[in-house]
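Biologist: Could you take me through this structure by question and answer, with the reasoning set out at each step?

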Amino acid sequence: MFWVLLLFLAWAFAGTACARLCLAAVRTDASDASDASDAAGVPDVPDAQAVAGRDLTLYEAAFLSGGPARVADVALVSMARERRLLLAHTGWATVVDPRGRDEIEQSVIGAIGPAGQSRIAPVRRRAADAEAVRRLADGLVHAGLAVREGSDTVASAVRQVRAAALAVAVLGSTALLLPGDTGTPRPLVGAWFALPLILTLSSLAIARFEVHPYSPWASPAGQRLLRALTGKPAGDERSFLTSVAVRGIRAIGEPELRAAFTHRDQPLRE
C-alpha cells in the first residue's frame with residue numbers, strides 16, 4: 001500500500017498549490033476592485049486618481065512588463081538606435097558615446113566597463129542589478145503600480161500549481177510502476193491519481209480564463225496602465241521602443257539588432 005502514501009503526497013501538493021492560487025486570485029480581485037472604486041472618485045484616496053491618469057515612462061513600462069532585465073534591454077536598444085552604442089550581431093556591445101542621458105543609461109555604460117566593450121549578456125545582467133533599476137522598482141511599488149519582490153502573486157501561485165501538476169504526474173507514474181502486487185487494480189490506482197491532476201489542470205485553466213494576464217511585476221493598477229499603453233497608435237520611434245518595453249526583444253524587427261541579443265556563441269579564448 002505504498003502507493004497510498006504517494007497519493008497522499010499528490011493531494012497535499014495539489015491542494016496546497018490550488019488553495020494558494022485561489023487566495024492570490026481573491027486578493028488580486030479585491031485589490032483591483034478597490035483600485036477601480038478609488039479611481040472612480042472614492043474620497044480619502046487622492047493617490048489613486050493620480051495613478052489612473054498617469055503616463056508610464058519607457059523604463060516603467062519595461063519593468064512592469066518584464067522586470068529589471070527588460071529595463072536593461074530597452075536602454076540598450078534605445079542607445080543602439082541612436083548610434084550611441086554599437087550592438088554587434090556577434091553579441092558584443094561597444095560604447096560610442098560614454099555620456100548616458102539618464103541613470104539607467106549610465107548604469108549600462110558602467111556595466112560595459114572602462115574598456116568600452118563587453119559581451120551583451122553580462123551587460124544585461126549587471127545593468128538589471130544596478131541601483132538605478134532598484135530605485136525605479138521601489139518607486140513603482142510605492143506608487144501602487146508594481147508588486148513588492150517576494151509577494152504572493154497570482155503569477156507565483158500559477159507557477160506553484162504547474163509544479164504541483166508535474167509532481168502529481170510523477171508520483172502517479174511511480175505508483176503505477178511499483179513492482180509487485182499493490183493490492184489494488186492498477187487502473188484504479190491511476191484513477192485516484194487522476195483526481196488531483198484534474199484539480200491542478202482545471203485550476204490552471206480557470207486562472208487562464210478568469211485572471212489572465214497575471215504578471216509577476218505589475219499590480220492590477222499597473223496592468224491597466226500597460227493595457228492603455230499598448231492601445232496607443234504606433235509608427236514613430238517612441239512607439240517602437242514602447243513595443244520593446246512591453247513585448248521584449250521579440251518586438252525588434254531589425255535582424256542584426258535582434259541577433260545581437262539572441263547570440264549564444266561563447267566568447268573567443270585568448
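The exchange below concerns a predicted model and turns to a surface patch, a pocket and some salt bridges.

Biologist: Which helix holds Phe 8, a residue of the nonpolar patch on the surface?

Modeller: The patch is formed by Phe 2, Leu 5, Phe 8, Leu 9 and Phe 13, which together have about 510 Å² of accessible area. Phe 8 has a relative accessible area of 57%, and it counts as exposed because the cut-off for that class is over 50%. As for its place in the chain, Phe 8 belongs to residues 2-39, that is, to helix 1.

Biologist: Which helix gives the largest share of the lining of the second largest pocket?

Modeller: The second largest pocket has a volume of about 450 Å³ and is lined by 20 residues, with Phe 63, Val 147, Arg 148, Glu 149 and Trp 217 lying nearest its centre. Two elements give two or more residues to this lining, namely helix 8 (154-176) and helix 7 (131-142). The largest share amounts to 5 residues, and the element that supplies it is helix 7.

Biologist: How many charged residues are in the lining of the second largest pocket?

Modeller: The lining consists of 20 residues, which can be divided by class. Of these, 10 are nonpolar and 4 are polar, while the number of charged residues is 6.

Biologist: How many residues apart are Glu 131 and Arg 135 in helix 7?

Modeller: The side chains of Glu 131 and Arg 135 meet in a salt bridge, with an N to O distance of 3.9 Å, and this pair qualifies because the cut-off is within 4 Å. Both residues are partly exposed, Glu 131 at 40% relative accessibility and Arg 135 at 42%. Within helix 7 their separation is about one turn of the helix, or 4 residues.

Biologist: Is Asp 97 buried or exposed?

Modeller: Asp 97 forms a salt bridge with Arg 99, in which the closest N and O atoms are 3.1 Å apart. Its partner Arg 99 is exposed, at 61% relative accessibility. Asp 97 has a relative accessibility of 17%, and since the class under 20% is the one that applies, Asp 97 is buried.

Biologist: Which residues are linked with Glu 82 in a network of salt bridges?

Modeller: Glu 82 is partly exposed at 38% relative accessible area, whereas Arg 84 is buried at 5%. These two residues form a salt bridge whose closest N and O atoms are 2.8 Å apart. The residues linked with Glu 82 in the network are Arg 84, Arg 101 and Glu 105.

Technical notes:
Residues numbered from 1 in each chain as written. Predicted model: local features only at pLDDT ≥ 70, side-chain atom pairs only at ≥ 80, totals over all residues. Heavy atoms only, no water. Patch = residues over 30% accessible without salt bridge, like charges linked within 9 Å, V, L, I, M, F, W, Y side chains within 5 Å. Areas by Shrake-Rupley, 256 points an atom, 1.4 Å probe, with all protein chains shown as cover. Buried < 20%, exposed > 50% of the residue type's maximum accessible area, 1.4 Å probe, protein only. 1 Å grid on protein atoms, 1.4 Å probe; cavity = no way out; pocket = protein on both sides within 12 Å on 5 of 7 lines; lining within 4 Å. Points joined across faces, edges and corners; volume = space filled by probe spheres on them. Nonpolar A, V, L, I, M, F, W, Y, C, P; charged D, E, K, R; others polar.
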